[in-house]
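The exercises below ask the reader to work from the coordinates towards a description of the fold. Each task is followed by a solution that goes step by step.

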Amino acid sequence: MPDIILGIESSCDDTSAAVLKDGYLLSNIIASQDVHKSYGGVVPELASRAHELNIVPVVNEALTKAGVKVEDLTAIAFTRGPGLLGSLLVGTSFAKALALSHNIPLVPVNHLQGHLLANFVKQYDKPDNAPNFPFICLLVSGGNSQIVRVDSPIKFTILGQTIDDAVGEAFDKCSKMMGLGYPGGPIIDRLAKQGDPNRFKFSKPNIKGLDYSFSGIKTSLLYFVRDEIAKNPNFMEENKEDICASFQKALIDILMDKLIKAMEETGIKEVTIGGGVSANSGLRQRVVEEGEKRGWNTYLPEFKFTTDNAAMIAITGYLQYLEGRKCGLDIAPVSRIADYTK
Ligand code: KG4
């Protein structure tokens, strides 16, 4: 009998369901919520309401596309947290109801562990992209910037993390400040491709160990743009490509300095990146380049697995189910998980 897992993700503003058979992806459906665009950020109440509308059709579509019936499921994996509580409640309640009605085991998944293990999703038409344990993952998103050592599907050690803003926040807030739009990461990434990354310099933070800080560089960009606009009101319009390229390079330099340090200190040669910012073309290129120089085995996630998706929740649930993880129907979602490694 094959193991068939349904994954459900609803931690923020994407409602997603995916089906895996023995770790191979059969379907991965994502309903994104455009309603937030005009607000320049996710509005929690609107997100929960959209999840309520989307969850049944999204799960139905995932099962239909996979050719799987609910009674064929081995387990249901769902995102328990961290995320927006109202959003998490929709996915968790739905998963619990489906599990109860068909007597199917439930597996709670930590969203960040999902990003860390996303490369383990297998696809029939592609070569395997999973790193060997132990590996290092640079986990970079709108809410996190961490360097994590992964020893097994259930053993994680955070080696370093941001002490203030996440790198995705720096992309988003700076894009908003420059009037470029939301979400900022993809916009800055696109403009950066046409600009000179060495034209402007931004100061790097001096933080101990493997931790990060991104609030200083955000302020430094703010003052820089403000001062230049005072001299030339068209400064932004005339230089936005070079500003984006230089700012993006500065962020990538900060990320890479600590990643290199982590690889050297641990002696591990397997490396992955994960989370929304791992879609950044400049970061992907740098990780590959440094990897070639330093003899790393580098595994980049496919773009569809960098943003929130249920395939990564399903594979994490599956690998952890094989390790014995399950939960009862009394489980509740959690918006914050101080230390997910415990
Ligand atoms: O992991 P994710 O989808 O969601 C959460 O953080 O919950 O990450 C979203 C973040 C946003 O900050 C967005 O600007 C950033 O990922 N992002 C990017 C790119 N695509 C998405 N940042 C830089 N370059 C990109 N191409």
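**Exercise 1. Determine in which sense strand 2 and strand 3 pair, and place both in their sheet.**

Step 1: Strand 2 (residues 14-21) and strand 3 are joined by eight bridges and run in the antiparallel sense, where strands (E, at least two residues) and helices (H or I, at least four) are DSSP runs numbered from the N terminus, and two strands pair if DSSP finds at least two bridges between them. One of these bridges sets aspartate 14 against serine 32 in strand 3.

Step 2: The open sheet has five strands in the order 3-2-1-4-5, and its pairing is mixed. Strand 3 (24-32) and strand 5 (106-110) are the edge strands, each of which pairs on one side only. With direction ignored, neighbouring strands of this sheet are turned by 20° against each other on average.

Step 3: Helix 1 (residues 44-66) lies across strand 1 (4-9), strand 2 and strand 3, and runs at about 20° to strand 2; contact here means heavy atoms within 4.5 Å, and angles run from 0 to 180 degrees between the N-to-C directions of axes fitted to C-alpha atoms, for helices over the stretch in contact.

A note on the basis of these solutions: the model is predicted, so that local features need pLDDT of at least 70 and side-chain atom pairs count only at pLDDT 80 or more, while totals for chains, interfaces and linings use all residues. Residues are numbered from 1 along each chain as its sequence is written, and side-chain values use heavy atoms, with hydrogens and water left out.

**Exercise 2. Describe the open sheet with the order 8-7-6-9-10 and the helices that pack on it.**

Step 1: This open sheet is formed by five strands, with mixed pairing, and its edge strands, each pairing on one side only, are strand 8 (155-161) and strand 10 (297-299). From one strand to the next the twist averages 25°.

Step 2: Strand 7 (residues 145-152) and strand 8 run antiparallel and are joined by six bridges, and valine 148 has isoleucine 158 in strand 8 as its bridge partner. Strand 6 and strand 9, by contrast, run parallel and are joined by four bridges, with leucine 138 partnered by isoleucine 273 in strand 9. Strand 9 also pairs with strand 10 in the parallel sense, over three bridges, and there valine 271 stands opposite threonine 298.

Step 3: Helix 7 (residues 235-266) lies across strand 6 (135-140), strand 7, strand 8 and strand 9 (270-274), and runs at about 160° to strand 6. Helix 8 (residues 281-294) also packs on the sheet, where it touches strand 6, strand 9 and strand 10, and its direction makes about 175° with that of strand 9.

**Exercise 3. Decide whether strand 9 is enclosed or not, and explain why.**

Step 1: A residue counts as buried under 20% relative accessible area, as exposed over 50%, and as partly exposed in between (1.4 Å probe, protein chains only).

Step 2: Because five of the five residues of strand 9 are buried, the strand is largely enclosed by the rest of the structure. Glu270, Thr272 and Gly274 point one way from the strand, whereas Val271 and Ile273 point the other way, and all are buried.

**Exercise 4. Classify the ring pair of phenylalanine 120 and phenylalanine 135.**

Step 1: Rings of Phe, Tyr and Trp (its six-membered ring) pair if their centres lie within 6.5 Å, and planes under 30 degrees apart count as stacked, over 60 as edge-to-face and the rest as tilted. By this rule there are eleven aromatic pairs.

Step 2: The ring centres of phenylalanine 120 and phenylalanine 135 are 6.0 Å apart and the planes stand at 35°, so the pair is tilted. Phenylalanine 120 lies in the loop between helix 3 (111-117) and strand 6, and phenylalanine 135 in strand 6, 15 residues apart; both are buried.

**Exercise 5. Characterise the setting of leucine 329.**

Step 1: Leucine 329 is found in the segment after helix 9 (310-322), and because its relative accessibility is 40%, leucine 329 counts as partly exposed.

Step 2: Not counting residues up to four places away in sequence, leucine 329 touches Lys96, Leu100 and Leu106.
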